[in-house]
Amino acid sequence: MNDREPPGWPWLKERLIRLRQSSRTGAASGSAPEAVEAAAVVRTAVVTDSAAALPADWVRDFAADGRLTVVPMPVMVGPEIYGEGEDDITETIAVALATGTPVKTSRPSPGQFEQAYLAAQRHGFEAVVSVHISGALSGTADSARLAASRVNIPVEVVDSKTVGMALGMGVQSAVIAAADGRAAAEVRAFAEERLTRTKVYFYVPSLEQLRRGGRIGAAASLWGTMFAIKPILAVEDGKIVPLEKVRSAIRAVARLEEIVVADAAGRSSGQARLAVHHFGNPGEAAELADRLAASLPDVPPAQISSLPAVLAAHAGLGVLAVIVGESSTPQKEPALAQ
């Protein structure tokens, strides 16, 4: 299923195009530094990991000149190691989970982040903001910090304390702030402010895969299995926590929808943004997104995408996750330097 592109992205694309055009015009005319200020201000690059669930087309648009890099997270299926974004592994993981083949995940190596930071430096950036999956769920941010200590370019490492497109929304905010010429500290602050406004709500048919991966306690898993409870879960302070107990899958999805609608409706007018993740059940995700659109006519249609492999490996088949965040696009476009 194709991703739905939320409103706001065209603004950023247009801005980056104009900045690049300003850079080429200034270089061709031999203008003084003041005349090419628009090109000079974009000095902060953004790095993240594949748990951010950013649509591939979006990544391609902003990775071309080094301003955005997505470091793949490794997934181990049996004895084989795959890199998300480098290998098409969604079906492989689905089959493995269905057949009981062990599926594990790991953090990217410090060397991968080091290469990403050095590449940004070669592209002419002066600093990096590196935004990553919750440190309570992965050691990815630790790998990034170790890599940051090895390079000369300043790196601000951010533990997003979240996952999926909740992390992705923070990354998009960082890219927007960087495109607006903000210094690294401002880019980090803007991303962190947006991250605090994102919520992750999800339903899984079984807690067993989360238990195997150590993402939820054995007691909670046993409680779900013995009493046929279909829990609604959330991510709070970087950790997966039970939110509500529901007696059937149908009721769980309906309650998930109610929680999301209440959250989004309570946001400032015109600010709420939604994303829906699934794994192996795209039809259910589309139906849920359509119902959310009908209940929230003032909110742009949700972006729909498969859960990143590194998260699907722990959530298991049949997951439905909804991210509620807020727009990262300024209400008015900042004035470009003339």
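These are my notebook entries on two sheets and one pocket in this structure, which is a predicted model.

**Entry 1: the six-stranded sheet**

I began with the sheet of six strands. It is open, its strands come in the order 10-9-8-13-11-12, and the pairing is mixed. At the edges I found strand 10 (239–246) and strand 12 (303–306), each of which pairs on one side only. I also looked up the twist: neighbouring strands here are turned by 20° against each other on average, direction ignored.

**Entry 2: strand 8 and its partners**

Next I picked out strand 8, which covers residues 199–203. Is this strand mostly covered, or mostly open? It is mostly covered, as four of its five residues are buried.

I then followed its pairing to either partner. With strand 13 (residues 320–326), strand 8 pairs in the antiparallel sense over five bridges. If you want a place to look, find lysine 199, whose bridge partner in strand 13 is valine 324. With strand 9 (residues 230–236), strand 8 is again antiparallel, over three bridges. Here tyrosine 203 stands opposite isoleucine 232 of strand 9.

**Entry 3: strand 13 and strand 11**

Strand 13 also pairs with strand 11 (residues 272–278), so I checked how they run; they are antiparallel and joined by seven bridges. One pair to find by eye is histidine 277, opposite alanine 321 in strand 13.

**Entry 4: the four-stranded sheet**

I moved on to an open sheet of four strands, ordered 2-1-6-7, with parallel pairing. Its edge strands are strand 2 (68–71) and strand 7 (155–159), and each of these pairs on one side only. In this sheet, neighbouring strands are turned by 20° against each other on average, direction ignored.

I looked at one pairing in detail. Strand 6 (residues 127–132) runs parallel to strand 7, and five bridges join the two. Valine 131 stands opposite valine 158 in strand 7.

**Entry 5: the second largest pocket**

Last, I turned to empty space. The second largest pocket holds about 340 Å³. Its lining has 25 residues, and the closest to the pocket's centre are Ile133, Leu137, Val163, Leu311 and His314.

Which elements give two or more residues to this lining? They are strand 8, helix 13 (309–315) and strand 13, so I was back with two strands from my earlier entries. The largest share, four residues, comes from helix 13. I sorted the lining by type too: 16 residues are nonpolar, seven are polar and two are charged.

Methods: Residues are numbered from 1 along each chain as its sequence is written. This is a predicted model: local features need pLDDT of at least 70, side-chain atom pairs count only at pLDDT 80 or more; totals for chains, interfaces and linings use all residues. Side-chain values use heavy atoms; hydrogens and water are left out. Buried means under 20% relative accessible area, exposed over 50%, partly exposed in between (1.4 Å probe, protein chains only). Two strands pair if DSSP finds at least two bridges between them. On a 1 Å grid over the protein atoms alone, a cavity is a set of points where a 1.4 Å probe fits but cannot get out, and a pocket is an open set with protein on both sides within 12 Å along at least five of seven lines; lining residues have an atom within 4 Å of a point. Grid points are joined across faces, edges and corners, and a volume is the space filled by probe spheres set on the points. Ala, Val, Leu, Ile, Met, Phe, Trp, Tyr, Cys and Pro count as nonpolar, Asp, Glu, Lys and Arg as charged, and the others, Gly among them, as polar. Axes are lines fitted to C-alpha atoms, for helices over the stretch in contact, and angles run from 0 to 180 degrees between N-to-C directions.
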